[in-house]
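Open the model in your viewer and keep a selection panel at hand. We will go from one helix pair to the next, call at a ligand, and finish with a few single residues.

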Amino acid sequence: MNIRSAASSGRDESRPSRQINIVLRNHDTPAVSGTSAISESSAPKNSAQIGLFQEIGSELDALVGLDNIKELVFEIYALLQVAQMRSEAGLVSGGQAYHMVFKGNPGTGKTTVARIVAKLFQRMGVLTKGHLIEVERADLVGEYIGHTAQKTRDLVKKALGGILFIDEAYSLARGGDKDFGKEAIDTLVKAMEDHRSQFVLILAGYSSEIDYFLMSNPGLPSRFPIQVEFPDYSIDQLVQIAELMAKERDYILMPQAILKLKQHVMLEKDESPHAFSNARYVRNAIEKAIRSQAVRLLNQYEHNSPGKQELMTLRTEDFKL
Ligand SMILES: Nc1ncnc2c1ncn2[C@@H]1O[C@H](COP(=O)(O)OP(=O)(O)OP(=O)(O)O)[C@@H](O)[C@H]1O
Ligand SMILES: [Mg+2]
């Protein structure tokens, strides 16, 4: 089933995550609740449940851009809600696989979104714990025959009740048939059968490499019905992310500092489009500026403390890019 297109009609495409809140406040909204009595009785009933959806909605809203992902999370939420309603109406429900592929460059929000999805699944009762275990090739692959299968099984065991997130998943297929990566893939495929609906597997990596990886095993593509693209952020989105990150840390950026950062990000993205690490790059730049500001303030205010405003302000000279 193509979940991507399942719940996308009749809604405000520009702010899909807002829909979660709208549904909560108005249970008659046709997009989710329909008109039957079942929907009325199955909509979020208690304040804890309502708080949960608001929490997830606002976590998503706080992320800059990512409209397709916000929409996907809403679709999953809608699907789970409707499955619950169907089950209460005595209809066939569930049986849906939620394993996913996140395709995108570094720093485009894949891990951040995986954490939010884990929380959604836990709150909706799909996963019992809702934790995220993030691993890469070295965590799965061992050094001798049999070692890899054991290591992989142990990690799957740890992930039961939550999400197993494999970063740079394509590296498992890198060495071909003789590589232990293949043993890890086979073990994962088996675990997906043995522990059906006990954990969700998310594979992440660059688009082309993920596609190559999925082709490495004929059983793989159909096991990952949800495939999401994480696009690179635009320059304006990166600046917005920078301002957001500063705000979260109780800092403000002077307009000239924003301009300097913007010009630098443009240059950096142009020079190394494939290695550019998007929001992570911006985060590092902000954290570096915070350290520079601390040194500047200590030098500037040897005998007294700077005022609150000065403690909060990141100036052009703090961005030594
Ligand atoms: N849309 C966004 N809005 C605000 N902050 C974001 C956004 N996307 C990512 N970030 C922030 O950027 C940083 C990197 O994001 P994250 O770790 O989720 O990226 P990733 O795609 O998993 O990267 P990698 O491929 O390198 O593992 C985090 O601090 C995250 O909070
Ligand atoms: Mg990541």
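Start by selecting α11 and α13: these two helices are oblique to each other, because the angle between them is about 45° and so falls outside the ranges that count as roughly parallel or roughly perpendicular. Their axes lie 9 Å apart, and α11 passes α13 in a right-handed crossing. The contact of α11 with α13 is made up of 8 nonpolar residues, 1 polar and 1 charged. Keep in mind as you look that this is a predicted model.

Now show side chains at this contact. From α11, pick Leu 238, Ile 241, Ala 242, Met 245 and Ala 246. From α13, pick Asn 278, Ala 279, Val 282, Arg 283 and Ile 286, which they meet.

**Next stop: the ligand**

Keep α11 and α13 on screen and add ligand 1. How many residues surround ligand 1? There are 18, and the closest are Gly 109, Lys 110, Thr 111, Thr 112 and Ala 279. Ala 279 is a residue you have just selected, as one of those in α13 that meet α11.

Which helices each supply at least two residues of the shell around ligand 1? Select α6 (110-123), α11 (235-248) and α13 (278-300) to see them. If you colour the shell by class, you should find 7 nonpolar, 7 polar and 4 charged residues.

**Back along α11, to α12**

Hide the ligand and bring up helix α12, residues 255-271, beside α11. The two pack at an angle of about 135°, and their axes are 10 Å apart. Are α11 and α12 roughly parallel or oblique to each other? They are oblique, since an angle has to be over 145 degrees to count as roughly antiparallel. The crossing of α11 past α12 is right-handed.

For the contact itself, select Ile 235, Leu 238, Val 239 and Ala 242 in α11, then Ile 258, Leu 261, Lys 262, Val 265 and Met 266 in α12. By class, these residues divide into 8 nonpolar, no polar and 1 charged. Leu 238 and Ala 242 of α11 meet α12, and Leu 238 and Ala 242 are also listed where α11 meets α13.

**Over to α5 and α6**

You already have α6 from the ligand shell, so add helix α5, residues 67-88. The axes of α5 and α6 come within 11 Å and cross at roughly 15°. That makes the two helices roughly parallel to each other, because angles under 35 degrees count that way. Look along the pair and you will find that α5 passes α6 in a right-handed crossing.

Show Ile 69, Val 73, Ile 76 and Tyr 77 in α5 together with Val 113, Ile 116, Val 117 and Leu 120 in α6, which they meet. By class, this contact has 8 nonpolar residues, with no polar and no charged ones.

Before leaving, select Leu 66, in the loop between α4 (47-61) and α5. Leu 66 is not a glycine, yet its phi is positive, at about 55°. Leu 66 counts as buried because it has 22 C-beta neighbours inside 10 Å.

**Three more residues to click on**

Go to Ser 197, in the loop between α9 (180-194) and β4 (200-205). Ser 197 is another residue other than glycine with a positive phi, near 60°. With 13 C-beta neighbours inside 10 Å, Ser 197 counts as partly exposed.

Next comes Leu 140, in helix α7, residues 137-140. Is Leu 140 buried or exposed? It counts as buried, with 27 C-beta neighbours inside 10 Å. Measure to Thr 152, which is 12 residues away along the chain, and the C-alpha atoms are separated by 4.9 Å. Beyond its neighbours within four places in sequence, Leu 140 has contacts including Val 135, Thr 148, Leu 155, Leu 172 and Ala 184.

Finish at Tyr 212 in helix α10, residues 207-215. Tyr 212 counts as partly exposed, with 14 C-beta neighbours inside 10 Å. Leaving aside neighbours within four places in sequence, Tyr 212 is in contact with Tyr 170 and Ala 173. Tyr 170 is 42 residues from Tyr 212 in sequence, with 7.2 Å between their C-alpha atoms.

**Zoom out**

Show the whole protein chain in cartoon: it has 14 helices and 7 strands. Of its 321 residues, 35% count as buried.

Terms used:
Residues numbered from 1 in each chain as written. Chains lettered and ligands numbered in written order. Predicted model: local features only at pLDDT ≥ 70, side-chain atom pairs only at ≥ 80, totals over all residues. Near = placed C-beta within 6 Å. Helix = DSSP H or I, 4+ residues; strand = E, 2+ residues; numbered from the N terminus. Nonpolar A, V, L, I, M, F, W, Y, C, P; charged D, E, K, R; others polar. Axes fitted to C-alpha atoms, helices over the stretch in contact; angles between N-to-C directions. Parallel < 35°, antiparallel > 145°, perpendicular 65-115°, else oblique. Left-handed = near helix turned anticlockwise from the far one by under 90°. Contact = placed C-beta atoms within 7 Å. Buried ≥ 20, exposed ≤ 12 C-beta atoms within 10 Å, placed from the backbone.
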